[in-house]
Amino acid sequence: MITLRTVLLASLPFLFDPVAGRTESTMLQSEQALGAERRLLSATSTVGDILRHPAFSGYAERVLPWDDRPYDETMKLSEIGGLLPYHSAVDTGTVLGGLNRMIEDVASGHQVFYDIHTEAEKRADPSKEDTGLFYFRGRPGAPFAVVSPGGGFAYVGSIHEGFPYAVEINRQGYNVFVLKYRVGLGGRVATQDLAAAISYVFRNSETLDVATEGYSLWGSSAGARMVALIGSHGIAAFGGDTLTKPAAVVMAYTAHADHSDSEPPTFAVVGSQDGIAPPASMEGRIAHLKRIGATVEYRKYPSVGHGFGTGAGTSAEGWIIDATRFWKRSR
């Protein structure tokens, strides 16, 4: 069989000079490194495979939910729901879709992870080391969304309700950023990270090739509280730049009650069997938004609990598409 390596060896005479052995060895190492970088994950892959994957080098721990907690590196990705105590309906295929999309992007030469805080800021506050944005590219120059996953401000469930959201929103052509924010410090600190992230995207919009007009914020559970706070009070209120509010806020299963008298269009979803953020707790806020004249769409899905993510395999399946259409109408 004629392989790419065979062709390269035949077409590069210098490979056969006295140092050919060393040059050929270097080529083999490069091929092996590229193969490792492109290696996709499967249901039988493990947490250790994520931590050691070349595509996630330098930020692998921020892919996973918990900070400063040792992992069982032998845990298979088919069992990854065990790391997400506040979440349900964790679908292995959906999780793998988000992770493998990032692996493919890195293999194609795209930068996936971006720091939102400067080195000086991280030296002054080491907790900011655990933050950043994962970038899922859509259509060049299209508007962007920022997704804030949930986890009770104890962990960040990006693998279930961050990366998979981004893949679904990308299919509609939009650019998506998934936020890794600080945990264990309460909602205000996490929302400050969201404000910093939005400001970062605005400042670097040309390099990132995104439009800043008509952006949206998406959040689930704890993350929904964060995006609602920005929608109500603005980015500058949480230490970010003075910027326009989002064109739409998408909230999934939260008991957040705070509001203002001027709210952006809001799309909200919850499961009828949610014992953490029961539908009634969300419906109070929805009623207020309607009273002040905000544009609202609210969906309650039967037989679904808290933290259902994309809703794959449940009555909530497809809600991401509906929410994306809502955002498009609100721009």
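**Reading pockets and a strand**

Mentor: Let's start with the largest pocket of this predicted model: its lining residues split into four nonpolar, six polar and five charged.

Trainee: How do you find a pocket in the first place, and what volume does the largest pocket have?

Mentor: Rolling a probe the size of a water molecule over the atoms shows where empty space is left. Here, the largest pocket comes out at about 230 Å³. It has 15 lining residues, and Ile-116, His-117, Glu-121, Ala-196 and Gly-239 are the closest to its centre.

Trainee: Which helix gives the most to that lining?

Mentor: Helix α9, residues 187–203, contributes six residues to the largest pocket.

Trainee: And what about the second largest pocket: which residues lie nearest its centre?

Mentor: Thr-94, Glu-168, Arg-171, Thr-310 and Ala-312, out of 15 lining residues. The space in there is about 180 Å³. α5 gives the most to this lining, with four residues, and the residue types divide into six nonpolar, six polar and three charged.

Trainee: Now strands. Is β5 largely enclosed or open, and why?

Mentor: In a regular strand the side chains alternate between the two faces of the sheet. For β5 (residues 211–220), seven of the 10 residues are buried, so the strand is largely enclosed by the rest of the structure.

Trainee: Which strands does β5 pair with?

Mentor: β3 (residues 143–148) pairs with β5 in parallel over five bridges, with Pro-143 partnered by Ala-211. β6 (residues 248–252) also runs parallel to β5, joined by five bridges; there, Ser-216 is partnered by Ala-248.

Trainee: What handedness does the unit of β5, helix α11 and β6 have?

Mentor: That β-α-β unit is right-handed, with α11 covering residues 222–233.

Note on methods
Residues are numbered from 1 along each chain as its sequence is written. This is a predicted model: local features need pLDDT of at least 70, side-chain atom pairs count only at pLDDT 80 or more; totals for chains, interfaces and linings use all residues. Side-chain values use heavy atoms; hydrogens and water are left out. Buried means under 20% relative accessible area, exposed over 50%, partly exposed in between (1.4 Å probe, protein chains only). Helices (H or I, at least four residues) and strands (E, at least two) are DSSP runs, numbered from the N terminus. Two strands pair if DSSP finds at least two bridges between them. A crossover is right-handed if, with the strands pointing away from the viewer, the path from the first strand over the helix to the second runs clockwise. On a 1 Å grid over the protein atoms alone, a cavity is a set of points where a 1.4 Å probe fits but cannot get out, and a pocket is an open set with protein on both sides within 12 Å along at least five of seven lines; lining residues have an atom within 4 Å of a point. Grid points are joined across faces, edges and corners, and a volume is the space filled by probe spheres set on the points. Ala, Val, Leu, Ile, Met, Phe, Trp, Tyr, Cys and Pro count as nonpolar, Asp, Glu, Lys and Arg as charged, and the others, Gly among them, as polar.
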